[in-house]
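The following exercises are to be worked with the sequence and the three-dimensional structure at hand. Each task is followed by a solution in steps.

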Amino acid sequence: MDQLRAKPRQSFWGLWNISFGFFGIQIGFALQNANMSRVFQTLGASMDDLPWLWAAAPLTGLIVQPIVGHFSDRTWTRFGRRRPYFLVGALLAAAALLAMPLAPLIAAPLVFAAVMLWMLDASLNISMEPFRAFVGDMLGTDQHSAGYAVQTAFIGTGAVVGSIFPFFLEQLGVSNLAAPGELPDTVKFSFWFGAIALFCAVFWTVISTTEYSPEEVASFAGPALVDEGAAARALADKTYVSAMIWVALGVIVAAAVDPLSLEKEVFLLGGLLAVYGLLSAFAISLSKQGKTANMLSSIVGDFSGMPEVMKRLAVVQFFSWSALFIMWINTTPVVTQYVFGSTDTASAAYNEGANWVNVLFTVYNGVAAIAALALLPVLSRRYGQVTTHSICLVLGALGFLGFFVLRDAYALILCEIGIGIAWASILAMPYAILASNLPQRKLGIYMGLFNIFIVVPQLLVATIMGSIMKLFFPGEPIWTMLFAALSFLIAAVAMQRVAAAIPARAGI
């Protein structure tokens, strides 16, 4: 057998082309994250409605990411392995962005907006998950950190553009006010601009890159290739006990809603736990019958047999993204209520505060873009990736604590600097570690499964946080920022457990 060879090193422009599509994807995410609470509140949603309206987005990711990862690992066409998913996702996401501002014209505007959010998030996930694996596909281990740093820079830059655009339009004279139940022109035009920018950026990556063939992938050195059916076959040795535990846990959670006066969205969490248990039982049954060549058995098998480094990073991701989702849902209510003094969505003060949130989100994303290229490499070389990530998460926790105590709009910019540094590290360090320690032929499915630990905490925030806030802090969203700070601190501590699971060769 011929000796395995290293992947060709990519030039700066090669790294640019590989990740430029993420610039457009993140414009879409930024418009979603900074404006959807505003859209929902404008269309008549209350603070208590926001969590369940947002729940569709992470639920979609939970379903879409592993499926797309599974199939993208097995897609080999003349158009490439990952690129067909980039393009389809971009087309659908652009359509959702174009349609979102039309919600007030629909008979049930709030329902329409929620459906468009679901479509937008699903489509962004279709494009995003293969992009994560694409960096690992195209780069050797020695360039993984650089590749994900460039990707993070584009994520930050795209988020800056998406977040600042409503504020930018207002400065140009576009109206930021509208009648009750109507979206301001700044929001409408921003969504339409985002649709065009998203598609063009993704299309650039599609036409400017060429993926390696299956034969070339097999010839490259890297983490060992694996038997793709091994995980599914291993299910045949499992009992049904673990599956039934998931089902029982789901039933218990659902049964607790009424006695504990929890929000009705918690039924969704219970249902998801029970459904996963039933699917696990079905996958085990298929494997015991020797039927391992199917998507369900592969996904469940890979999930239950995750590498140790992935399991430990999953804990870090869980708490990191819990904090981020708290921020995306609650920053607008917190800033408008506590800093600008208004909860009336038709008032000038509320809309001024909502636009300031776009500025704040621009700051943390801009900081992330700079930190990814200028700060993270320096810290990583000196302290290693694990300690660097912990440091960055602590800085983010301090940023959230600032939101809890400060009441000056400009002082919040300092908070966003810490959050931006943490955001840069969240987008780069875990993926660089994974890409260097996972088998290349299963990079898509493992990246998709890893994103479950981004989605599950978002679902928990969307379902449980509303109940906690209503029970203990009704009408006081400021307390969510303290929860976010604690989540980042827990993630920083959990990161220290990751080092022991990483081979010394990775240089972590």
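**Exercise 1.** Which residues does F40 touch, not counting residues up to four places away in sequence?

*Solution.* The model is a predicted one.
Step 1. Setting aside residues up to four places away in sequence, F40 touches A45, L50, L53, W54, L110, A113, A114 and L117.
Step 2. Place F40 in its wider setting: the largest nonpolar core has 138 residues, and F40, W328, F400, W423 and F488 are those that touch the most other members.
Step 3. As a general point, nonpolar side chains tend to be buried together in soluble globular proteins.

**Exercise 2.** Determine the surroundings of G24 and Q26 in helix α1.

*Solution.*
Step 1. Helix α1 covers residues 12-42 and contains G24; Q26 is also found in helix α1.
Step 2. Apply the cut-off for buried residues, under 20% relative accessible area. G24, with a relative accessible area of 0%, is therefore buried, and Q26, at 7%, is buried as well.
Step 3. List the contacts beyond four places in sequence. G24 touches A197, L198 and A201, whereas Q26 is in contact with I155, G158, A159 and W423. W423 is also among the core residues named in Exercise 1.
Step 4. Compare sequence with space: G24 and A90 are 66 residues apart along the chain, and their C-alpha atoms are separated by 8.7 Å.

**Exercise 3.** Trace the salt bridges around D137 and state which parts of the chain they link.

*Solution.*
Step 1. The count comes to seven salt bridges.
Step 2. One of them joins the side chains of D137 and R81, at 3.4 Å from N to O. D137 belongs to helix α4 (residues 109-138) and R81 to the loop between α2 (50-73) and α3 (83-99), 56 residues apart.
Step 3. D137 also forms a salt bridge with R82, where the closest N and O atoms are 2.6 Å apart. Because R82 lies in the loop between α2 and α3 and D137 in helix α4, this pair ties together parts that are 55 residues apart in sequence.
Step 4. Consider accessibility. Both D137 and R81 are buried; R82 is buried too, with a relative accessible area of 0%.
Step 5. Assemble the pieces: D73, R81, R82 and D137 are linked in a network of salt bridges.

**Exercise 4.** Which helices each supply at least two residues of the nonpolar patch on the surface?

*Solution.*
Step 1. The patch is formed by Y383, I391, V394, L395, L398, L401, L486 and L489, which together have about 620 Å² of accessible area.
Step 2. The helices are α15 (385-405) and α19 (479-495). With five residues, α15 gives the most.
Step 3. Take L395 as an example. L395 is placed in helix α15 and, at 32% relative accessibility, counts as partly exposed.

**Exercise 5.** What do the overall values say about the fold of the protein?

*Solution.*
Step 1. The protein has 19 helices and zero strands.
Step 2. A compact globule of 508 residues would have a radius of gyration near 23 Å; the protein has 22 Å, which agrees. The C-alpha trace spans about 70 × 55 × 45 Å along its principal axes.
Step 3. Of the 508 residues, 59% are buried.
Step 4. Among contacts with a separation of 6 or more, residues 24 or more positions apart account for 81%.
Step 5. The accessible surface comes to about 19,200 Å², and 70% of this belongs to carbon and sulfur atoms.

Technical notes
Residues numbered from 1 in each chain as written. Predicted model: local features only at pLDDT ≥ 70, side-chain atom pairs only at ≥ 80, totals over all residues. Heavy atoms only, no water. Core = buried A, V, L, I, M, F, W, Y, C linked by side-chain atoms within 4.5 Å. Buried < 20%, exposed > 50% of the residue type's maximum accessible area, 1.4 Å probe, protein only. Contact = heavy atoms within 4.5 Å. Patch = residues over 30% accessible without salt bridge, like charges linked within 9 Å, V, L, I, M, F, W, Y side chains within 5 Å. Areas by Shrake-Rupley, 256 points an atom, 1.4 Å probe, with all protein chains shown as cover. Salt bridge = Lys/Arg side-chain N within 4 Å of Asp/Glu carboxyl O. Helix = DSSP H or I, 4+ residues; strand = E, 2+ residues; numbered from the N terminus. Rg over C-alpha atoms; globule rule 2.2 N^0.38 Å.
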